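Visitor: Could you walk me through this model, beginning with the charged contacts and then moving inward?
Guide: Gladly; here is the structure to keep in view while we talk.

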Amino acid sequence: MAKQALLHRERSFVSFAHIASVRKLKATPVGKMVHGLGAGHVRETSLTIHPTYGIPYIPASSLKGVVRQWWIEAYGEGKEAAIEQSNEATAIFGTQQRRGCVQFYDVYLVNGLQLVPEVMTVHMKKYYETKGMPTDDQSPTPVSFFTVKVTDVDIYLSCLHREHQQAEKLLKKATE
């Protein structure tokens, strides 16, 4: 199913390229990752699974958030307000009043996919639940969950040709 989803996606981007600039970036994760750890799940911990394809993925909104935060750190001196004052940033990411010109897409975690079991041990549960002080007499509570390990990921970004120049400039900066 994952290979079919990837093939369908590639074909869709090729046909979309006649009206938009599509950029495919290849990234190599430096280790295992977990997306969705805080979400509710029957096992207490969650892994974000694509609702249609059933594969682990990073939602486009998370990718956009990471890139937006990178911009704030790299160009806005770490200040959130700097993004509102930059014509370039508001054009790329948008505002509450209008959409940004760059479209971010879900990142499918399938290339060389391995689900690796992990354990997180909470040592002072009562303290973290604000029911007591951190003391050594509390029993550790191991929590099992899965992480994702992949060899690489394909990251897709696009922008309509009429909005292309500004976005292309920032995309080049971000990928250098």
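**Salt bridges, core and surface**

Guide: A network of salt bridges links Glu 10, Lys 24, Lys 26, Asp 152 and Asp 154. Please keep in mind that this is a predicted model.

Visitor: How many salt bridges does the structure hold?
Guide: The structure holds 7 salt bridges. One of them joins Asp 154 to Lys 26, with the closest N and O atoms 2.6 Å apart. Asp 154 belongs to strand β7 (residues 153-160) and Lys 26 to strand β1 (residues 20-27), so this pair ties together parts that are 128 residues apart in sequence.

Visitor: And those two, are they buried or exposed?
Guide: Asp 154 is buried, because its relative accessible area is 12% and the cut-off for buried is under 20%. Lys 26, with a relative accessibility of 53%, counts as exposed, so the salt bridge pairs a buried acid with an exposed lysine.

Visitor: What does Arg 68 pair with?
Guide: Arg 68 forms a salt bridge with Glu 80, and the closest N and O atoms of that pair are 2.8 Å apart. Since Arg 68 sits in helix α2 (residues 60-75) while Glu 80 sits in the loop between α2 and α3, the pair ties together parts that are 12 residues apart in sequence. Both ends count as partly exposed, Arg 68 at 24% relative accessibility and Glu 80 at 44%.

Visitor: Which residue does Lys 79 bridge to?
Guide: Lys 79 forms a salt bridge with Glu 77, where the closest N and O atoms are 3.9 Å apart. Glu 77 itself counts as exposed, at 68% relative accessibility.

Visitor: Changing topic, how many disulfides are there?
Guide: The structure holds 0 disulfides. Cys 101 is in none, and the nearest cysteine sulfur to it, that of Cys 159, is 5.6 Å away. Cys 159 is likewise in no disulfide, its nearest cysteine sulfur being that of Cys 101.

Visitor: Why does that spacing rule one out?
Guide: A disulfide needs the two sulfur atoms within 2.5 Å, and the sulfurs of Cys 101 and Cys 159 are 5.6 Å apart, so the pair does not qualify. As for their surroundings, Cys 101 counts as buried at 7% relative accessibility, and Cys 159 is buried as well, with a relative accessible area of 3%.

Visitor: What about the largest nonpolar core, which residues have the most contacts in it?
Guide: The largest nonpolar core has 23 residues, and those with the most contacts inside it are Trp 71, Phe 93, Phe 104, Val 107 and Leu 109. At least two residues of this core come from each of α2, α3, α4 and β7, and the largest share, 4 residues, is supplied by α2.

Visitor: Where is Ser 86, and what does its side chain reach?
Guide: Ser 86 is found in the loop between α3 (81-85) and α4 (87-93), and its side chain reaches the backbone nitrogen of Ala 89 at 3.1 Å. With a relative accessible area of 15%, Ser 86 is buried.

Visitor: Back outside, which residues make the nonpolar surface patch?
Guide: Val 34, Leu 37 and Met 120 make a nonpolar surface patch of about 200 Å². Among them, Leu 37 lies in the loop between β1 and β2 (57-58) and counts as partly exposed, at 32% relative accessibility.

Conventions. Residues numbered from 1 in each chain as written. Predicted model: local features only at pLDDT ≥ 70, side-chain atom pairs only at ≥ 80, totals over all residues. Heavy atoms only, no water. Buried < 20%, exposed > 50% of the residue type's maximum accessible area, 1.4 Å probe, protein only. Polar contact = N/O pair within 3.5 Å; in protein donor to acceptor, adjacent residues only side chain to side chain. Salt bridge = Lys/Arg side-chain N within 4 Å of Asp/Glu carboxyl O. Patch = residues over 30% accessible without salt bridge, like charges linked within 9 Å, V, L, I, M, F, W, Y side chains within 5 Å. Areas by Shrake-Rupley, 256 points an atom, 1.4 Å probe, with all protein chains shown as cover. Core = buried A, V, L, I, M, F, W, Y, C linked by side-chain atoms within 4.5 Å.
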